[in-house]
Amino acid sequence: MESAGEERVSLTDASRRLILLELLVPTVLLAFGIYHGFVQTLYRAGIIRAESFLGIDYYQGLTLHGVINAIVFTTMFAVAFGNALVARFLGREPPVGAAWVSFALMTVGTLLAAFAMFTGRASILYTFYPPLVAHPTFYIGAALLVVGSWVAFFNWIPLYRSWRRENPGRKTPLAIVGIFATFVVWMMATLPLAYEVIVMLIPWSLGMVREINVLLARTLFWFFGHPLVYFWLLPAYVMYYVMLPRIAGGKLYSDFAGRLVFMLFIVFSAPVGVHHQFGDPGISVSWKWLQTLLTYGVALPSLITAFTLAASLEYAARQNGGTGLLRWWTRLPYWDRERWLFGYFFAGLFLFLFGGVTGLINASYSVNNLVHNTAWVPGHFHTTIAGPVFLAFIAMTLHLVSELTGKPVRLKSWNVAVPYLWLLGVALLSIGMSISGIDGEPRRTNLGLGYTNPGSELFVPQWASMARVVAAGGGIMLFAMVVYFAVLVSTLLSKRQREPGLGFPVAEAYHDEPAGFVANFRPWIVIGVLICAIAYAPVLYDVSRATFFGSPSYTPD
Amino acid sequence: MDRAEKLVLGMASALLVVFLSATVFAVARLDITLPTCFTEMEPFDEGEVIEHSEDWYEVHYLAAMWFFEPEELEVPAGATVDLYLTSDDVLHGFQILGTDVNLMAVPGTVNYKRVTFDEPGEYRIVCHEFCGIDHHWMAATITVAER
Ligand code: HEM
Ligand SMILES: [Cu+2]
Ligand SMILES: [Cu+2]
């Protein structure tokens, strides 16, 4: 693989500051998102038995939790990470003017949406299903955030083209393949979203149109909502393929596998959103089943990844002196304070074993009946987005902050513990929610007042006891984040010890085959778009004939 | 690709084929169905129970902020119950605990599912989609009577 090692490049101050801001602005907001995650577990366990706590209503807080953690933090991080990868691996700094425009759009969008959420004008959760309506600033803010991320991507494309022209015959660096795949998936996801938000929701929330087709909006949302999860996951995959093997002390088992995986995600990420709508009316079972099939297709690249990463870790462990069929697992740098990224990546991958299996269960057509909209679902995705994705993102934030400021990471022995604390907390939270979920406990519900309140006629005893386990998990997750913030802040406040710059640990490939049929994006994008058309055209037709009339708007109160 | 990779790819694909066959088996042999595109009935604006016969009930469930209509239903064990579900306002969820009934109530459309309750007892319906500030109170019951 090209340019392996720890080579650092230097950036202009303007780019450096921009990337730092793109990392730190959402990290500050994250404090609210995390806080409310913890408080939710208290409400659900009946430890807080009220509609609201410290001035924030349960559903207002849940909206903040979902929007900040899953939309704002992830999107801004992906842009910052992309800017850094392009500068490092293409050796070209993204033009700073457009990069600042992108950041400004994302920030203004975030502030508009934050205004609506914090003032209680948008307590309709991060899926914003109509006909519940929010203040127009919420939708306009979301649109600006997305447009800002598009600008960043368009800013990189010419740099990629010129790199290809100047380096004929060389393989595109794997990190670049990965981040471009991420943003191709993002484009495919955000086009239906843009239609929903700009054409349908904004005019309707402004009162320019009276009625909205609820099922169509919901279908477009999930046309966006599933590829969204790969937009979250793929930057983490870039780190796993490009960086993890080197940190572990080895090589990437197969460079070709990495390229194939990223291209497969372009093909299969989008045409699967109907698996969130198995219980919906207005969509034929044939199309529901077809999207089950395609969802299994998108499991394939993750199964390939599981093998490739395990093989890379085994190679590393054997380089470190590991032996035996399984004993080599003990020869990895779990607690190495200098190679702290390893713990964050490893803990995330461990959670993702469960995230992957539960994801396949969710996708499995009629099995979905058992768990749809129960607590099982947040149990699942706290082992995906709040597992590997979140751990990889906060780890990379810390790494980039340290690189871009020239300040080595502080509180190192605390820092190595963060991912394992988080792992423990998520395990309790997810096991608790999964068990109650199979028992029918609803998600998105302030359980403490009724369902977990012994004084209420709605009381369900087994949900109440499991909700305590969940709250214990939430407490440990909160603690892990307090430690993380302490590490980040004390790093930021420390003295600069070397020149600011930008470097990543980059692995060599063990099998370094030619890129072959995965060398170019174009054919994969064409196939992806075609499959989307085949999977969604009949769904949209069904939705149009099953909807008898549109809906006026309703506020949640 | 080396031999190990080809082997793993084959195993992974085989696993997915097994899962896919299981979904087909569930429909073909176990009769577990999902709601489909249903256009035969217009959305209604009140709940209703129609007893076609001792063994066949038709129930129109209306979900609204923040109740279900009918709020209480009584049917005999073993009777075929055709459930029709719509919403009078926003999205609602409709899960009957302890059964495989798990539906969305979408305004402007009608959802349909056929069920039989073999075990007598009290069944609870829970709204599991956020539908506004009193969402957590939205529930109903079905009593299945012994024959
Ligand atoms: C202290 C850490 C956290 C705790 C205790 C926590 C807890 C929870 C709980 C209990 C729910 C379910 C609430 C309900 O359905 O009523 C939830 C939902 C959710 N969480 Fe977390 N969470 C944490 C961190 C995160 C992180 C880091 C992310 C993403 C990066 C995340 C993403 C989400 C999302 C997307 C939802 C769904 C919101 C919705 O249904 O509208 N959470 N969280
Ligand atoms: Cu999905
Ligand atoms: Cu509800």
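## A walk through the metals, a helix and some salt bridges

Start by selecting His275(A): with a relative accessibility of 8%, below the 20% cut-off, this residue counts as buried. Keep in mind as you click around that this is a predicted model.

**Stop 1: the copper ion.** Now show ligand 2. Which residues hold the copper ion? Its protein donors are His226(A) through ND1, His275(A) through NE2 and His276(A) through NE2, at 1.6 to 2.0 Å. Along the sequence, the donor residues follow the spacing H-x48-H-H. Click on His276(A) too: its relative accessibility is 22%, so it counts as partly exposed.

**Stop 2: the iron atom.** Next, pick ligand 1 and zoom in on its iron atom. Two histidines serve as protein donors here, His65(A) and His382(A), each through NE2 and lying 2.0 Å from the iron. They come from distant parts of the chain, 317 residues apart: His65(A) sits in helix 2 (residues 58–89) of chain A, while His382(A) is in the loop between helix 12 (376–381) and helix 13 (385–405). The 6 donor atoms around the iron subtend angles of 84 to 179°, so the arrangement is octahedral. Both histidines are buried, His65(A) at 14% relative accessibility and His382(A) at 14% as well.

**Stop 3: helix 3 of chain A.** Select residues 96–118 of chain A. These 23 residues should span 33 Å at 1.5 Å a residue, and the end C-alpha atoms are 32 Å apart, which agrees. Its buried residues include Phe103(A), Met106(A) and Met117(A). What covers them? Turn on helix 1 (13–44), helix 2 and helix 4 (136–166) of chain A, which are among the covering parts. Just past the helix, look for Gly120(A), which has a positive phi of about 75°.

**Stop 4: salt bridges.** There are 20 salt bridges over all chains. Try Arg92(A) with Glu166(A), whose closest N and O atoms are 2.8 Å apart. This pair joins the loop between helix 2 and helix 3 to helix 4 of chain A, 74 residues apart. Is each partner buried or exposed? Arg92(A) is buried at 16%, whereas Glu166(A) is exposed at 57%.

Then hop to chain B and select Asp55(B) and Arg147(B), another salt bridge, with closest N and O atoms 2.7 Å apart. Asp55(B) lies in the loop between strand 1 (48–53) and strand 2 (56–64), and Arg147(B) in the segment after strand 10 (139–145), 92 residues apart.

**Last stop: the domains of chain B.** Colour 1–32 as domain 1 and 36–145 as domain 2, following the domain assignment. Their C-alpha centres lie 35 Å apart.

Notes
Residues are numbered from 1 along each chain as its sequence is written. Chains are lettered from A and ligands numbered from 1 in the order in which they are written. This is a predicted model: local features need pLDDT of at least 70, side-chain atom pairs count only at pLDDT 80 or more; totals for chains, interfaces and linings use all residues. Side-chain values use heavy atoms; hydrogens and water are left out. Domain bounds come from an automatic or database domain assignment. Donors are N, O and S atoms within 2.8 Å of the metal (3.2 Å for Na, K and Ca); water is not among the atoms, so sites may look incomplete. Buried means under 20% relative accessible area, exposed over 50%, partly exposed in between (1.4 Å probe, protein chains only). Four donors count as tetrahedral if all angles lie between 85 and 135 degrees; four count as square planar and six as octahedral if opposite donors are over 155 degrees apart and all others between 65 and 115; anything else is irregular. Helices (H or I, at least four residues) and strands (E, at least two) are DSSP runs, numbered from the N terminus. The expected span of a helix is 1.5 Å times one less than its number of residues. Contact means heavy atoms within 4.5 Å. A salt bridge is a side-chain nitrogen of Lys or Arg within 4 Å of a carboxyl oxygen of Asp or Glu.
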